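Open the model in your viewer and keep the selection box at hand. The tour goes stop by stop, with something to select at each one.

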Amino acid sequence: MKSKGCRIVLIGFMGSGKTTVGKLLARKLNMSFFDIDDMIREAAGESIGDIFRYRGEAVFRELEKQSAVKASTFENCVIATGGGTLTNAESAKTLKSCGIAVYLHCSADTVYLRTENDGVDRPLLNGTNKKQLIGALLKSREETYKTYCDIVEENDDITAEECADNIIKDLRQINIL
């Protein structure tokens, strides 16, 4: 690593592979791994679905913002954000300023296939037409992801291992590693 305090921040829509790729990337680079969704669950003592159901999205976003601030202080790590973390401008600025942001880009079709039966409680996808919800949410967030990223990594038709390797190559090309 060029810097002891290096942080790689993975951004992107739910189901884009941030957690899976992030764990592999951290292992390959001998870095720590932090998942903002896990930090929220730990801080709240309840599932993300329960936070949304019983306390509301505003409370969830506040917990998410607090977790983003905390994660931004960790050094030599890979941070996986939640799919909506960057919808809060303060969280987005905090994470952008603390490290290199890698956007894991996936199509709505890929996200649908990955989330269809993954067993993860995704409160924003609770509805009658999950595919339509994914398309609309992804479209509404795409510009934000592009605005805050330093690197875009296409993650539709490759394995998590290939994606992690591609990120390492990209980071070497821009002299981060």
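Is Gly22 buried or exposed? With 0% relative accessibility, Gly22 counts as buried. Bear in mind throughout that this is a predicted model.

**Stop 1: Gly22**

Select Gly22 in helix 1. Now show what surrounds it. Beyond the neighbours within four places in sequence, Gly22 is in contact with Leu10, Gly17, Phe33 and Val78. Add Ile8 and draw a C-alpha to C-alpha distance: Gly22 and Ile8 are 8.9 Å apart in space and 14 residues apart in sequence.

**Stop 2: the sheet**

Switch to cartoon view. Five strands form an open sheet in the order 2-3-1-4-5, with parallel pairing. Which strands are at the edges? Strand 2 (32–35) and strand 5 (151–154) are, and each pairs on one side only. From one strand to the next, the twist averages 20°.

Next, select strand 1 (residues 7–11) together with strand 3 (residues 77–80). Four bridges join them, in the parallel sense. Pick out Val9: Ile79 in strand 3 stands opposite.

Move to strand 4 and strand 5. Here too the pairing is parallel, over four bridges. Tyr103 has Val152 as its bridge partner in strand 5. Then colour strand 5 by face. Ile151 and Glu153 make up the covered face, while Val152 and Glu154 are on the uncovered one.

**Stop 3: an aromatic pair**

Keep Tyr103 selected and add Tyr145. The structure holds three aromatic pairs. In this one, the ring centres of Tyr103 and Tyr145 are 5.1 Å apart and the planes are at 40°, so the pair is tilted. The pair links distant parts of the chain. Tyr103 is in strand 4 (residues 100–105) and Tyr145 is in helix 7 (residues 130–148), 42 residues apart. How accessible are the two partners? Tyr103 counts as buried at 1% relative accessibility, and Tyr145 counts as buried at 1% relative accessibility as well.

**Stop 4: Asn155**

Select Asn155, in the loop between strand 5 and helix 8 (160–173). Asn155 is buried, with a relative accessible area of 2%. Show polar contacts. What does the side chain of Asn155 reach at 2.5 Å? The target is the backbone oxygen of Ser16.

Now expand to the full contact shell. Not counting residues up to four places away in sequence, Asn155 touches Ser16, Gly17, Val21, Leu104, His105, Cys106, Thr110, Arg114 and Cys163. Gly17 has already appeared on this tour, in contact with Gly22.

**Stop 5: the cysteines**

Select the cysteine sulfurs. How many disulfides are there? The count comes to zero. Start with Cys6. Its closest cysteine sulfur is in Cys77, 8.2 Å away, which is too far for a bond because a disulfide needs sulfur atoms within 2.5 Å. Cys6 is buried, with a relative accessible area of 10%.

Go on to Cys149. Cys149 is in no disulfide, and the nearest cysteine sulfur, that of Cys163, is 13 Å away. At 15% relative accessibility, Cys149 counts as buried.

**Stop 6: Ser67**

Select Ser67 in helix 4 (residues 57–71). Ser67 counts as buried, at 5% relative accessibility. Leave aside the neighbours within four places in sequence and three contacts remain to display: Ile36, Met39 and Ile40.

**Stop 7: two positive phi values**

Finish with backbone torsions. Most residues other than glycine have a negative phi. Two asparagines to check here go the other way.

Select Asn30, in the loop between helix 1 (18–29) and strand 2. What is the phi of Asn30 near? The value is near 55°, positive in a residue other than glycine. Asn30 is exposed, with a relative accessible area of 68%.

Then jump to Asn175, in the segment after helix 8. Phi of Asn175 is also positive, near 65°. Asn175 is partly exposed, with a relative accessible area of 49%.

Terms used. Residues are numbered from 1 along each chain as its sequence is written. This is a predicted model: local features need pLDDT of at least 70, side-chain atom pairs count only at pLDDT 80 or more; totals for chains, interfaces and linings use all residues. Side-chain values use heavy atoms; hydrogens and water are left out. Rings of Phe, Tyr and Trp (its six-membered ring) pair if their centres lie within 6.5 Å; planes under 30 degrees apart count as stacked, over 60 as edge-to-face and the rest as tilted. Helices (H or I, at least four residues) and strands (E, at least two) are DSSP runs, numbered from the N terminus. Buried means under 20% relative accessible area, exposed over 50%, partly exposed in between (1.4 Å probe, protein chains only). Two strands pair if DSSP finds at least two bridges between them. Axes are lines fitted to C-alpha atoms, for helices over the stretch in contact, and angles run from 0 to 180 degrees between N-to-C directions. A polar contact is a pair of N or O atoms within 3.5 Å; within protein, one must be able to donate a hydrogen and the other to accept it, and residues adjacent in sequence count only if both atoms are side-chain atoms. Contact means heavy atoms within 4.5 Å.
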